[in-house]
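Colleague: Got a minute to go through this structure with me? I'd like to start with one strand, then move on.

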Amino acid sequence: MGIQVLFFGSITDITLVAALSWEYCADTDTLMKGVLNRFPALANKKYFLALNQQVIHENAPLKQGDTVALMPPFSGG
Amino acid sequence: MSSKKHHSIFYQGSIPAQKIADDIQKHSTKTNIGAHSIFLGQVREDVIDGEKVVAIEYTAYESMVEEKMAIIREHFFQKYALSCMHIYHSLGTVAVGEICLFVFTSSAHRRDAIDACNEMVETIKKELPIWGKEICNNQTTVWKQNN
């Protein structure tokens, strides 16, 4: 099952895809290390994470099937 | 009242003026209402590096928006004495001059409708995972930033 990783807004200019299935990893820090390794340009981007649609501000444990989203600052309206 | 009832806020493309008129008309049977407040967001012709913006393309984390909106809606109905509240936000491409956001609050007396409408516009811009990309005349694009 692994982890579903979603990309939004200007983040997709770097990833060029809106979603990726990622191999399971224990927590969001480990996941992001892998994601940044794959997309080094993300290091210069401002974004925050949502785990299963809840914004998180620190490392969080992951379970199989979780969804992690990378979201740049919102610009709706 | 209708605090439990919610549907998607998303509207594909621009929000037609006729829909706004029709929605106002629908409330004539709700005779406890004494005040409506409406906010309309319109796509502005910004100039970026000498290029005119011709449209904004909106994308969103739709399921997260729905989840957040349900909570926000609940909070608004607790905070304000609203008879009803309707919110529509465009997805996809909206050309300059067209409507991309429609917030419509109704109450018995004006203050609740006006205050709720104002606060909702701010909340939408701040809290909802929606992104706008400005498309310029020369086809370059710039991700919009909210102030």
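Colleague: Which residue stands opposite Leu49(A) in β4(A)?

Modeller: Ile56(A) does. Bear in mind that this is a predicted model.

Colleague: How do β3(A) and β4(A) run, parallel or antiparallel?

Modeller: Antiparallel. Strand β3 of chain A covers residues 48-51, and 3 bridges join it to β4(A).

Colleague: What order do the strands of that sheet take?

Modeller: In chain A the order is β2-β1-β5-β3-β4. That makes an open sheet of 5 strands, with mixed pairing. At the edges are β2 (19-22) and β4 (54-56) of chain A, each pairing on one side only. From one strand to the next, the twist averages 30°.

Colleague: And which strands does helix α2 of chain A lie across?

Modeller: Helix α2(A), residues 28-38, lies across β1, β2, β3, β4 and β5 of chain A. It runs at about 120° to β2(A).

Colleague: New topic. How much area do chain B and chain A bury between them?

Modeller: About 1,700 Å², with 55% of it on carbon and sulfur atoms. Tyr61(B), Trp131(B) and Trp143(B) supply 42% of what chain B buries against chain A. No other three residues supply more.

Colleague: How many residues are in contact there?

Modeller: 21 from chain B and 19 from chain A.

Colleague: How many salt bridges and polar contacts are there between the chains?

Modeller: The salt bridge count is 0. For polar contacts, there are 14 residue pairs across the interface.

Colleague: How does chain B's side divide by residue type?

Modeller: The side touching chain A has 11 nonpolar, 5 polar and 5 charged residues.

How values were computed:
Residues numbered from 1 in each chain as written. Chains lettered and ligands numbered in written order. Predicted model: local features only at pLDDT ≥ 70, side-chain atom pairs only at ≥ 80, totals over all residues. Heavy atoms only, no water. Contact = heavy atoms within 4.5 Å. Buried area = accessible area lost by both parts, 1.4 Å probe. Salt bridge = Lys/Arg side-chain N within 4 Å of Asp/Glu carboxyl O. Polar contact = N/O pair within 3.5 Å; in protein donor to acceptor, adjacent residues only side chain to side chain. Nonpolar A, V, L, I, M, F, W, Y, C, P; charged D, E, K, R; others polar. Pairing = 2+ DSSP bridges. Helix = DSSP H or I, 4+ residues; strand = E, 2+ residues; numbered from the N terminus. Axes fitted to C-alpha atoms, helices over the stretch in contact; angles between N-to-C directions.
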